[in-house]
Amino acid sequence: MENCSDMKEFMKFHCQVITNGLANETVFLSTLLSFAAISMAGDLGYARSMFDRIDSPNIFMFNTMIRGYAWSSTPQEALSIYIQMLRSGLSPNVYTFPFLNKACSRIINTRDGETIHGSIIKLGHVSDVYVSNSLMHMYESFGFSEAVMKLFREIPEPDVISWNVVIGAFAQSGRLNEALIAFSEMCFCGVEPNSVTVLGLLSACCVSGDLYLGMLIHLYIVKNDLLITTNLGNGLLDMYTKFRDMDSARKLFRRMPVKTIFSWTSMIDGLVRDGDVENAYVLFNQMPERDITSWNAMLNGFIMAGDMNSADQHFKAMPEKDLVSWNSMIVGYAQNKKFAKSLELYREMHTSGEIPDRITVVSVLSVCGFMGALDHGEMTHCYMEKQNLTGEEVEVALMDMYCKSGAPEKALTIFHGILDKSVLAWTAMIVGLAMNGFSRDALEFFSEMQNVGIRPNEITFIGLLCACSYAGLVEEGRRFFSAMNDVYNIQPRSEHYGCMVDILCRAGLLKEAETFIQNMPIEPDVGVWGALLGACKMHGEVQMGERIAKILTGMDPYHSGRYVALSNMYAAEKRWLDVEKVRKTMKTHGVQKMPGFSLIELQGEMHQFLAGDTSHPNTQEIYFILEEITKRLKDAGQ
């Protein structure tokens, strides 16, 4: 058996055992089963076929199979073997339960995990530290921190693994102080920390956002000459990159004797977070080997930088793509306002055989909402129902899409179908009704929301203020704005001030709006001033418009909209010299007016047109029909 390095050699040896009449010898059977079930070169399926042919497996054989399945891709089978063991009349021992606990933790099976815990107590194995540690690991994976602590307190002499589980549990929940107290008590009890202990502390530092303490832990490692394993080195590197301390990360990376794929990927991810996509790509090209995670990290870098051309090339070059890859590109195109490309990629995703998840669907619905692509949105809705994709985030995204696509009645149907409506669902409906001109209905929804005891959030008030703006309800708008802080203790953000300015401007109260902005407790942004500038254009307030435009161009000198609004105001007043001055200023600053475009959905396909566009394959027919429509409109107007 010592000479077997793969299953081919193992099966030859197995044949010799059978030929020599030793197939029923317990020692040989146990050895053969161990190799096939738990060896790296083994085959669990072959081990199962061997096991099923054994007339009366002993406890060691059962434990071997449970162990093999606990670490396999089908850990639930470990429980099936355990049931088979009990039916055979054998009693589990201290070696059985740790592997069962591992299987339960991997499939997050709380019911069976608690049942097994009961059996451990009944059989008197809870005092065994090995069994107790495995129980603690299991409860930690369930997120049951109280159960972990209760078990820990019952262990007479906790070992380093016991302490590590406790520190790890505190780290996962971001309880840094408790993790440090446990570490201090561990040292006081004379238990020597190891690399896993320190990894738990580093994890707690990352969750709680404490880089300084993380650096102190690094110093502790160096001072105490603690062995820096590959995992510990990667943990330190991951901490520095997450905190964007790239100088420390580079020094550590250069000194690492063994750089795994995780090490390289951590550095790439850190550089991406730091905005250094160029050097991240250099490092990516230096990697001796790559996995899907490293490819995705670099893909994310291009997307975050807004370089969708490079992202597209990188995506196409990927040897394999997973769900994260597809979702990153779909979301990336949406964030960069390339909505048609986002939907195109979604269709490609379906063709490739990759199954979209909730993240994909929410992103696609968001794109459909922005584009008003109702047909696409309805097709996505059908897909959701077919795949039984449910949950608040997808239902709210669906409501938002229908509202933005001009179908609020369909959003209402979704809303009424939600059994447990949270503030997100109520808010989506209030905002959706407001944007579709149903202001009174939006305000009634808010009253109903209050009656059922749902507390509004910041977005709810944006919907309410928009409703007041569209309906010209100035006093109601003032009342809602005041209630944010006075009643609900919500501090208004810039968006809320912008809505309030819009309410005043639509009512023609431009002077009051300007005073309101000047008295804001926070610095007004371009959105707030922009609302007032738009109102100046609408109401012909040229002098005020000149003042506001000057402020806006000072804040954002390269935004063409400010110049165009001012130019249009001058044109309305026939001040052609001033119009020319604005155009010269734009030219001097290199400001170019972004061309407007239209999106038309026809038979499930999106068509985009720029002003004066001739790129469409049916351009001649389109312009012919357009000229004919224009002619008929002129004739009808005579």
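## A first look at helices, salt bridges and cysteines

Arg48 and Asp52 sit 4 residues apart in helix 3 (residues 44-52), about one turn of the helix. The model you are looking at is predicted, and this pair is a friendly place to start. A salt bridge joins Arg48 to Asp52, with 3.3 Å between the closest N and O atoms. Asp52 counts as partly exposed because its relative accessibility is 48%.

Which other residue does Arg48 meet in a salt bridge? The partner is Glu77, at 3.2 Å from N to O. Glu77 belongs to helix 5 (residues 76-87) while Arg48 belongs to helix 3, so this pair ties together parts that are 29 residues apart in sequence. With a relative accessibility of 26%, Glu77 is partly exposed. Taken together, Arg48, Asp52 and Glu77 are linked in a network of salt bridges.

Why can such pairs form? Side chains of opposite charge can pair when their charged atoms come close. The structure has 22 salt bridges in total. Another of them joins Glu178 and Arg175, and its closest N and O atoms are 3.5 Å apart. Glu178 is partly exposed at 31% relative accessible area, and Arg175 is partly exposed at 27%.

Here are the salt bridges described so far.

| Salt bridge | Closest N to O distance |
|---|---|
| Arg48 and Asp52 | 3.3 Å |
| Glu77 and Arg48 | 3.2 Å |
| Glu178 and Arg175 | 3.5 Å |

Next come the annotated repeats. An unreviewed UniProt entry carries the annotation "repeat: PPR" for residues 58-92, 159-193, 260-294, 322-356 and 422-456. Two of these spans can be described through the model itself. Residues 260-294 are 74% helix and 0% strand, and their end C-alpha atoms are 11 Å apart. Residues 422-456 are likewise 74% helix and 0% strand, with 10 Å between the end C-alpha atoms.

Now for a residue on the inside. Is Val364 buried or exposed? Val364 is buried, because its relative accessibility is 1%. This residue lies in helix 22 (residues 358-371). Beyond its neighbours within four places in sequence, Val364 is in contact with Ile330, Leu343, Tyr346 and Thr380. Ala549, by comparison, is 185 residues from Val364 in sequence, and their C-alpha atoms are 37 Å apart in space.

The surface has something to show as well. Phe624, Ile625, Ile629 and Leu633 form a nonpolar patch there, and together they have about 430 Å² of accessible area. Within this patch, Ile629 is part of helix 36 (residues 619-637). Ile629 counts as partly exposed because its relative accessibility is 44%.

Finally, the cysteines. How many disulfides does the structure hold? The count is 0. Two cysteines help to show the reasoning, given that a disulfide needs sulfur atoms within 2.5 Å. For Cys189, the closest cysteine sulfur is in Cys187, but the distance is 9.3 Å, so the two are too far apart for a bond. Cys189 is also exposed, with a relative accessible area of 52%. For Cys382, the closest cysteine sulfur is in Cys368, at 12 Å, which is again too far for a bond.

Key. Residues numbered from 1 in each chain as written. Predicted model: local features only at pLDDT ≥ 70, side-chain atom pairs only at ≥ 80, totals over all residues. Heavy atoms only, no water. UniProt positions renumbered as here; feature names shortened; annotations may be inferred. Helix = DSSP H or I, 4+ residues; strand = E, 2+ residues; numbered from the N terminus. Patch = residues over 30% accessible without salt bridge, like charges linked within 9 Å, V, L, I, M, F, W, Y side chains within 5 Å. Areas by Shrake-Rupley, 256 points an atom, 1.4 Å probe, with all protein chains shown as cover. Salt bridge = Lys/Arg side-chain N within 4 Å of Asp/Glu carboxyl O. Buried < 20%, exposed > 50% of the residue type's maximum accessible area, 1.4 Å probe, protein only. Contact = heavy atoms within 4.5 Å.
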